[in-house]
Amino acid sequence: MAQLPPEVFSVIVSYATSQRDLLALSYTSKAFQRAAEPRIYESMVLRDAQSIFIGCHAILARDAFRGPYVKRMVIYQDPRRVNPRNNLATAPPQFWLVVQHALTKAVNLENLYIHDPTGTHSWIMDHDEITFQLREATLHLPWDAHIVAFLHTQRKLLSLGVGDAHEDGPVYPLSPSALPILETFNGPVLVVAELLGCPLKRIQVTAEEETAPLIPTIVADLGRFMKLLRSLNIIGLSEDFVLETVHLVSTSVFAPQLRYLGVLPLPTMMREWHRLYRSLMKLPALSMIELDATGMDPPPNEQFQRVILLELRTFCPKLQQVVFWMHGHRFHWYPRDGHWLFVHHSGRYQVNDNLWRS
């Protein structure tokens with residue numbers, strides 16, 4: 001078998017449908033190992049300190065010849081794998097140096113997800129020898145000088161998710177010419193203000209108690225610049241600011257094209273609903289809306305939800321999907337054969353939902 005052309009081994013490997021099959025083939029012979037490794041290392045999901053350390057050393061072994069194979073890398077701590085000797089939160093700085101060195105060798109990396117539980121190792125992204133150009137990045141790291149320096153090198157990034165910014169620290173501005181084709185952003189309110197020069201189409205912003213009052217100001221800024229925006233999701237919007245925020249959305253430059261809007265707390269005073277509806281009428285392309293009914297007492301049952309969505313349809317005739325949130329329960333309504341049906345999911349979190357991306 002060793003005398004067969006390398007192309008034959010590559011064809012056989014192409015029929016492997018799982019990572020387990022690829023690993024089994026790689027143990028068969030040196031020839032199969034050479035053929036399988038490009039696919040084995042193409043997507044690396046490293047779930048704890050031990051697997052991260054082993055995976056990075058595998059990339060670096062033998063002059064880092066596997067580095068160019070890696071196109072997707074996920075680095076995080078699976079809570080089910082935490083123990084005193086396998087905890088990413090207690091890894092020493094030398095550990096993170098190994099991660100940084102591996103990143104410098106992954107020259108073809110396109111998709112990176114990295115979560116540092118301590119939020120103190122953003123410096124690994126700030127290195128002159130990191131040359132990959134990402135298409136998608138989720139960086140659960142603080143927005144600081146290191147992250148900003150890294151993002152200034154990324155010219156092909158389409159989707160960005162970042163960790164929180166330090167509220168009591170200095171503001172680290174992003175150049176208006178940075179991230180020239182960025183379309184999707186997911187992150188804190190304080191960071192989205194640095195992305196007003198990007199051609200964003202989809203935004204999810206998350207506000208904490210301290211930053212929630214800033215949401216109307218940020219939406220007003222978005223409303224002046226984001227002509228291409230099609231989807232706006234706001235996590236942590238207070239009922240105190242919902243009417244003002246939706247009014248700002250309705251008078252924005254992106255209002256005529258906006259297709260998705262959420263998550264809007266339903267006013268507990270029903271007389272305020274019509275003020276909300278008047279603003280929504282100015283969004284002619286709106287096809288999906290998410291509403292938080294957690295504050296209503298009693299919470300709306302199926303019949304009341306149907307009444308609300310039919311009333312919404314009167315003001316927004318292009319609505320095709322309506323979602324109600326109540327204490328981790330999501331009721332997703334959609335039309336089918338002339339009738340409105342819904343799917344109920346429990347144990348959901350607004351911040352982790354991805355309907356705003358579609």
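What follows is a walk through the fold, the strand pairings, the salt bridges and the nonpolar cores of this predicted model. Residues are numbered from 1 along each chain as its sequence is written, and side-chain values use heavy atoms, with hydrogens and water left out. Because the model is predicted, local features need pLDDT of at least 70 and side-chain atom pairs count only at pLDDT 80 or more, while totals for chains, interfaces and linings use all residues.

Starting with the overall picture, the protein chain has 11 helices and 13 strands; these are DSSP runs numbered from the N terminus, with helices being H or I over at least four residues and strands being E over at least two. Its C-alpha atoms fill a box of roughly 80 × 50 × 40 Å along the principal axes. Of the 358 residues, 46% count as buried, where buried means under 20% relative accessible area, exposed means over 50%, and partly exposed lies in between (1.4 Å probe, protein chains only). Among contacts (heavy atoms within 4.5 Å) between residues at least 6 apart in sequence, 62% join residues at least 24 apart.

The chain splits into domain 1 (1-41), domain 2 (47-182) and domain 3 (199-357), with bounds that come from an automatic or database domain assignment. Taken over C-alpha atoms, the centres of domain 1 and domain 3 are 49 Å apart.

Strand β1 (residues 43-46) has alternating side chains: M44 and L46 point to one face and are buried, whereas S43 and V45 point to the other face and are not. β1 runs parallel to strand β2 (residues 72-75), and 4 bridges join the two; strands count as paired if DSSP finds at least two bridges between them. Within this pairing, S43 sits opposite R72 of β2. Together with helix α4 (residues 49-64), β1 and β2 make a right-handed β-α-β unit. Right-handed here means that, with the strands pointing away from the viewer, the path from the first strand over the helix to the second runs clockwise.

A second right-handed β-α-β unit is built from strand β10, helix α11 (residues 302-315) and strand β11. Here β10 (residues 288-292) and β11 run parallel, joined by 5 bridges, and E290 stands opposite V323 in β11. On to β11 itself (residues 321-326): 5 of its 6 residues are buried, so the rest of the structure largely encloses this strand. β11 also pairs with strand β12 (residues 329-336), this time antiparallel, again through 5 bridges. M326 has H329 in β12 as its bridge partner. The two strands form a hairpin with 2 residues between them, and H327 in the turn has a positive phi of about 50°.

Now for the charged pairs. Side chains of opposite charge can pair when their charged atoms come close. The structure holds 9 salt bridges, each being a side-chain nitrogen of Lys or Arg within 4 Å of a carboxyl oxygen of Asp or Glu. One of them joins D78 and R80, with the closest N and O atoms 2.9 Å apart. D78 is buried at 3% relative accessible area, whereas R80 is exposed at 74%. R224 and D221 form another, at 2.3 Å from N to O. These two are 3 residues apart in helix α8 (residues 215-225), which means that about one helical turn separates them. D221, at 18% relative accessibility, counts as buried.

D353 pairs with R330, the closest N and O atoms being 2.6 Å apart. This salt bridge links distant parts of the chain, with D353 in the segment after β13 (339-345) and R330 in strand β12, 23 residues apart. Both ends are buried: D353 has 7% relative accessibility and R330 has 6%. Elsewhere, E183, K201 and R202 are linked in a network of salt bridges.

As for the nonpolar cores, each is a set of buried Ala, Val, Leu, Ile, Met, Phe, Trp, Tyr and Cys residues joined through side-chain atoms within 4.5 Å. The largest has 99 residues, and L103, L179, L232 and L280 have the most contacts inside it. Not counting residues up to four places away in sequence, L179 touches several residues, among them L151, L157, L160, L174 and L195. A second, separate core of 8 residues includes I235, V263, V323 and L355.

Finally, S279 lies in helix α10 (residues 273-280) and is buried, at 8% relative accessible area. Beyond its neighbours within four places in sequence, S279 contacts V246, H247 and S250.
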